[in-house]
Amino acid sequence: MAADSEPESEVFEITDFTTASEWERFISKVEEVLNDWKLIGISSGKPLEKGVYTTGAWEEKSDEISFADFRFSITHHYLVQEPSDKEGKEELVEDALPLPMQDLLCMNNDFPPRAHCLVRWYGLREFVVIAPAANNDAVLSESKCNLLLSSVSIALGNTGCQVPLFVQIHHKWRRTYVGECQGPGVRTDFEMVHLRKVPSQYTHLSGLLDIFKSKIGCPLTPLPPVNMAIRLTYVLQDWQQYFWPQQPPDIDALVGGEVGGLEFGKLPFGACEDPISELHLATTWPHLTEGIIVDNDVYSDLDPMQAPQWSVRVRKADNPQCLLGDFLTEFFKLCRRKESTDEILGRSAFEEEGREVADITHALSKLTEPAPVPIHKLSVTNMVHSAKKKIRKHRGVDESPLNNEVLNTILLFLFPDAADKLSDGLESRSSTSAGNNPPPENEDYNLFSQFKSAPSDSLTYKLALCLCMINFYHGGLKGVAHLWQEFVLEMRYRWENNYLIPGLASGPPDLRCCLLHQKLQMLNCCIERKKARDEGKRGSVSDRSPGSASGDNPDKEKEVGKSWESWSDSEEEFFECLSDTEDLKGNGQENGKKGGVKEGNKEPANLKPEGRLHPHGKLTLLHPGEPLYVPITQEPAPMTEDLLEEQSEVLAKLGTSAEGAHLRARMQSACLLSDMESFKAANPGCCLEDFVRWYSPRDYIEEEVVDEKGNRVIKGELSARMKIPSNMWVEAWETAKPIPARRQKRLFDDTREAEKVLHYLAVQKPADLARHLLPCIIHAAVLKVKEEEALEDISSVKNIIKQIIYHSSKVLRFPNPEDKKLEEIIGQIMGVEATIARARSLKAKFGAEKCENEEEKDLQRFVNCLLEQPEVSVIGAGRGPAGSIIHKLFVNAQRVSAVPPLDEQLRRSGSSEERRLTPGAVSDFPPPTGREVILRTTVPRPAPYSKPLPQRMYSVLTKEDFRLAGAFSADTTFF
């Protein structure tokens, strides 16, 4: 027993190799994938409708399998279809051929313009492909090909899958596939031949029929007729007889007086070359039977003019050069430059002698002297202009990036008020300059708030367009630096001489716009304040009667302006003047109400009311009972977004401690303190409750109460937050002195803020400038493509423009957007420009605007379809309106290429001669670039008594490529 047990244990340990070979594992994996994808069993579906391969949706799903260590990808391609009727399926199960075999004979979807190559070659709606997973891998040896085919055959047999299974062999660029499809008692083999050199006997139909019949090997004597579908493709490349409709811009005219704002205010548009490179005409004979036509090496009946179906596709030029795209790209390149304006224009141009520098500092010190000095005669201005002269002296006229003519044209476009030579500075405060700009309520006009650019009628927007044009046409980077330098000098000149900047909305900076636009608006605010102050000095001083004041901003500004006469830069002088009222400072109050009463009762006669604007309705002061007057107050300081950010950072750095919070509150209450002082000056004897009733009515709570005598009276008191001990309002009220706005320290120091803005502008590099103005350029480009699209009315372009606006508003809303995202936006705009240029090119070629009304509409529809669809059928083939134009294009191209010396003569007689040309003239068209033939028949194979099955062969012949793709079915039951 022991001896017997040893061999048994050895046999038990032997591994069974009969089910574990790599080949069998590979087959098992294929079967597993087919099971997972539910491709097992009988395939069912409705007959295919015409054109469904092009209009329908194709989907695919992939998996990865391996044969030993060689990885394959297995992919299922299929047309998405509605599920078929189950009852109909059960009736057809017994005798029906597998669906792929039925598809081989279907003629509704021959030559689909956009589909997988196997769909075009075999007409299948569903198939599975096994291909090497890596791009550089290939199945090259015949033994490996046969092994894979055997695996496919076994997997199909084991699973009962009726979906064709293909294997890709040879290098991927050759697109060579072999495969198999199995059904109950039938099998179809998919075979392929791919050659570089074409055998001469297969260049015509008769040779292809011979190879098809020999491959079928049908034993029947009267061979069933072979059905044929033939397509010849002709390519038109020569457009010489048609002028490209895009007129190049006249660069010389850009500086002329006639151009002016017209050219400098608009971006160019259109392609510099024809964006349509080729036109492909496919002439198709969809249903022919063998013997109807003759096509051999001697003679051919295949005349394109006689073809029943014509279809056209256009080949678009790769990245055609377009003007708007070039402008945007070149301007965007500025953003990556590192040079400063000094480095670009030459540092020597900005060197100044020590005497002159000392003179500037002396000029600045003069501002603080009490002697009245007219500001427009200050030596600061003289120094700016002497620096300007020095720049021109160092840099000769020929060396200047911009010549005077161009520069003057641009400056007049940017500053139209300069032409009027208004020395008294009576520019209108309104920002909007006259022109063909859209009204403010227009959606296009309001794009600036989405793009954070600037309104399309503003100075900033015009400056962006001018810099863009200068960068492209006049001097590039140096031209940009030169114009910017002149612009900054103009800003300085306007500040010194109280000239308002045109093209900017009045009021505080608009935070919806770009920072540069905000800075210019801030400078304008400074000029307005300074101008009002200077006019107040010169004007007569007279108090305004309260009843005549209207309370609107202009009157308020006038009052402030005439009151600034006593102002000087020295704040110490100002406080010394108030030494006689110093005793007011010591009157501390227990609370706001008591303090108000004390202060009001203490010096009612000594304090003369000052700075009254108008009575506040019927309100009266609580204790003296006099009318409550609204005071003249200082305007709050306007701020740009960078100042707001800077302020918020300072406040945040104060921390969360009690001291920090108190200091933060004091910093934020400067405007409140100023208003309190103005209120006290206008209403002597007032208290905190009076101020709150005017300034924050919701913090004064009134209620009806019954007094001691039983009368109903209204009693008021401060809100709970106002009663908090040592709150900011109470502290400010205690600190506030009765000082009218005209004698207060300015909340907004226009001199300092203006110098900060001018310094900010002066230190901007061209790259910084381009970053600031790029949103304006994108804004202008979007408006331009919208304007051009409206002329063409292309629905697909409308949708793309909407996407560009949405994308741009997301990217440009935040500071410092990424370069990659900006490039994407510019690329989208360039794509739209190219599409519109293609539409115009096709309209020019097809004369879509020269025909009668009905024909014109048909041609326009045809042109729009060419842009949006991969292939478009020509109604009426060669005899329709579009077909006759296409024919004429080919005829003219043939004449130009065939007889160049007689070109002019032929053009003169072209129209009459074309009418005399016979339809069968071979010279009308060049030799076909591609010949595609599909041969189909149904014959019993391999024996006469076998079941009749579909046979199909597809052939394509081009100049350097010949391919035969055959699907040959055989009966596996009766053979």
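Biologist: Why is the contact between the side chains of E753 and R752 called a salt bridge?

Modeller: In this predicted model, their nitrogen and oxygen come to 3.8 Å of each other. The cut-off is within 4 Å, so the pair qualifies.

Biologist: What makes E753 count as buried or exposed?

Modeller: The relative accessible area of E753 is 10%. Buried means under 20%, so E753 is buried.

Biologist: Which residues are joined into one network by salt bridges that share partners?

Modeller: That network consists of K784, E788, E792, R840 and K843. The structure as a whole holds 31 salt bridges.

Biologist: How do you know that E191 and K215 form a salt bridge, and what parts does the pair tie together?

Modeller: Their N to O distance is 2.9 Å, and the limit is 4 Å, so the pair counts. E191 belongs to strand β6 (residues 186-195) and K215 to helix α8 (residues 205-216), so the bridge ties parts that are 24 residues apart in sequence.

Biologist: Why are E191 and K215 called partly exposed?

Modeller: E191 has a relative accessible area of 32%, and K215 has 34%. Partly exposed is the range between under 20% and over 50%, so both residues get that label.

Biologist: What makes K845 and D274 a salt bridge, and which parts of the chain does the pair link?

Modeller: The closest N and O atoms of K845 and D274 are 2.6 Å apart, which is within the 4 Å allowed. The pair links distant parts of the chain: K845 sits in helix α30 (residues 819-846), D274 in the loop between α9 (260-264) and β8 (276-289), 571 residues apart. K845 is buried, at 5% relative accessible area.

Biologist: How do you know that β6 pairs with other strands?

Modeller: Strand β5 (residues 176-183) shares five bridges with β6, in the antiparallel sense, and strand β17 (residues 961-971) shares 10 with β6, also antiparallel. Pairing needs at least two bridges, so both partners meet the rule. E180 stands opposite D189, and R187 faces A970 of β17. Two residues separate β5 from β6 in a hairpin, whose turn includes G185 with a positive phi of about 75°.

Biologist: What shows that the side chains along β6 alternate?

Modeller: V186, T188, F190, M192 and H194 point to one face and are buried, while R187, D189, E191, V193 and L195 point to the other and are not.

Biologist: Why is the 37 Å reach of helix α28 called close to what is expected?

Modeller: α28 (residues 766-792) has 27 residues, and at 1.5 Å a residue 39 Å is expected. α28 nevertheless bends by about 45° at L773, with P775 following within four residues. The helix is followed by D793, whose phi is positive, near 60°.

Biologist: What makes α28 mostly covered?

Modeller: 21 of its 27 residues are buried.

Biologist: Which members of the largest nonpolar core touch the most others?

Modeller: They are M491, I829, I886 and L935, in a core of 137 residues. α28 gives the most to this core, with 12 residues. Leaving out residues up to four places away in sequence, I886 touches L279, L281, W310, V312, F846, F862 and V874. Another core, of 26 residues, lies apart from it and includes Y122, F127, A229 and Y954.

Conventions
Residues are numbered from 1 along each chain as its sequence is written. This is a predicted model: local features need pLDDT of at least 70, side-chain atom pairs count only at pLDDT 80 or more; totals for chains, interfaces and linings use all residues. Side-chain values use heavy atoms; hydrogens and water are left out. Buried means under 20% relative accessible area, exposed over 50%, partly exposed in between (1.4 Å probe, protein chains only). The expected span of a helix is 1.5 Å times one less than its number of residues. The bend at a residue is the angle between axes fitted to the seven residues ending there and the seven starting there. A nonpolar core is a set of buried Ala, Val, Leu, Ile, Met, Phe, Trp, Tyr and Cys residues joined through side-chain atoms within 4.5 Å. Contact means heavy atoms within 4.5 Å.
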